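Notebook open, coffee poured. I want to go through the helices, the salt bridges and the surface of this one.

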Amino acid sequence: MFSFRQRSQRVSRSVIVFFCGFRSSLHSCVFGMANDRLRALEDVEKEIALVLQSAGTIVLELSKEKANASLLDRQLNQFQTSINRVESELSAQIRYLTQVATGQPHEGSTYSARKDCQMALNRAEYARVKLGELGRTCEIMLDPQT
């Protein structure tokens, strides 16, 4: 049979493990959104490289005495498609940043989630301390030798 101290230590450890697991899953969720935004910007960067490559190919082809019309058409279509994707994604990023900067609620905000997580961790720590105090008090009351 476990003493009261052993039981309270087991309970304290269980509470800490629970809240640490909560913290780690919340951390993954919060920073996952930020990573998605960064990946989208990396994709925009790659798309800009395609735009420059298409533009270079077009200029090179136009500098020739006899330009290949089908190559020009393909490169022009790729250029326009890439420009449209870049414009669309950058507009979405600007809209997001506008929401963040003006303090409007938005789906990508991590402040509220981080604040909730920190408050939960503070409550868990407070509960751990109080459980420890309660355990010590009970041991003193139950220990007939003191």
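**Salt bridges first**

I started with Asp36 and Arg39, which both sit in helix 1, three residues apart, about one turn of the helix. Helices here are DSSP runs of H or I with at least four residues, numbered from the N terminus. Before going on, a note to self: this is a predicted model, where local features need pLDDT of at least 70 and side-chain atom pairs count only at pLDDT 80 or more, while totals for chains, interfaces and linings use all residues. Residues are numbered from 1 along each chain as its sequence is written, and side-chain values use heavy atoms, with hydrogens and water left out.

The side chains of Asp36 and Arg39 meet in a salt bridge at 2.8 Å, N to O (a side-chain nitrogen of Lys or Arg within 4 Å of a carboxyl oxygen of Asp or Glu). The spacing fits the textbook: an α-helix has 3.6 residues a turn, so residues three or four places apart point the same way. I looked up exposure too: Asp36 is partly exposed, with a relative accessible area of 45%, and Arg39 is partly exposed at 45%. My cut-offs are under 20% for buried, over 50% for exposed and partly exposed in between, with a 1.4 Å probe and protein chains only.

How many salt bridges does a search of the whole structure find? It finds five.

Next I checked helix 3 (residues 111-142), where Arg128 and Glu125 lie three residues apart, again about one turn. Their closest N and O atoms are 2.6 Å apart, in a salt bridge. Arg128 is partly exposed at 31%, and Glu125 is partly exposed at 38%.

Then Glu61 with Lys64: this salt bridge has its closest N and O atoms 3.2 Å apart. Is Glu61 buried or exposed? Glu61 counts as buried because its relative accessibility is 5%, whereas Lys64 is partly exposed at 42%.

**Helix 2**

I measured nothing by hand here; the computed span of helix 2 (residues 69-102, 34 residues) is 49 Å from first C-alpha to last, close to the 50 Å expected at 1.5 Å a residue. That expected span is 1.5 Å times one less than the number of residues. I listed its buried residues as Leu71, Leu72, Gln75, Ser82, Val86, Gln93 and Tyr96.

**Nonpolar patch**

Leu38, Leu41, Leu90 and Ile94 make a nonpolar surface patch of about 350 Å². Helix 1 (4-63) and helix 2 are the elements that give two or more residues to the patch. Patch residues have over 30% relative accessible area and no salt bridge, with nonpolar side chains (Val, Leu, Ile, Met, Phe, Trp, Tyr) joined within 5 Å and like charges within 9 Å. Areas come from the Shrake-Rupley method with a 1.4 Å probe. I picked out Leu90, in helix 2, which counts as partly exposed at 34% relative accessibility.
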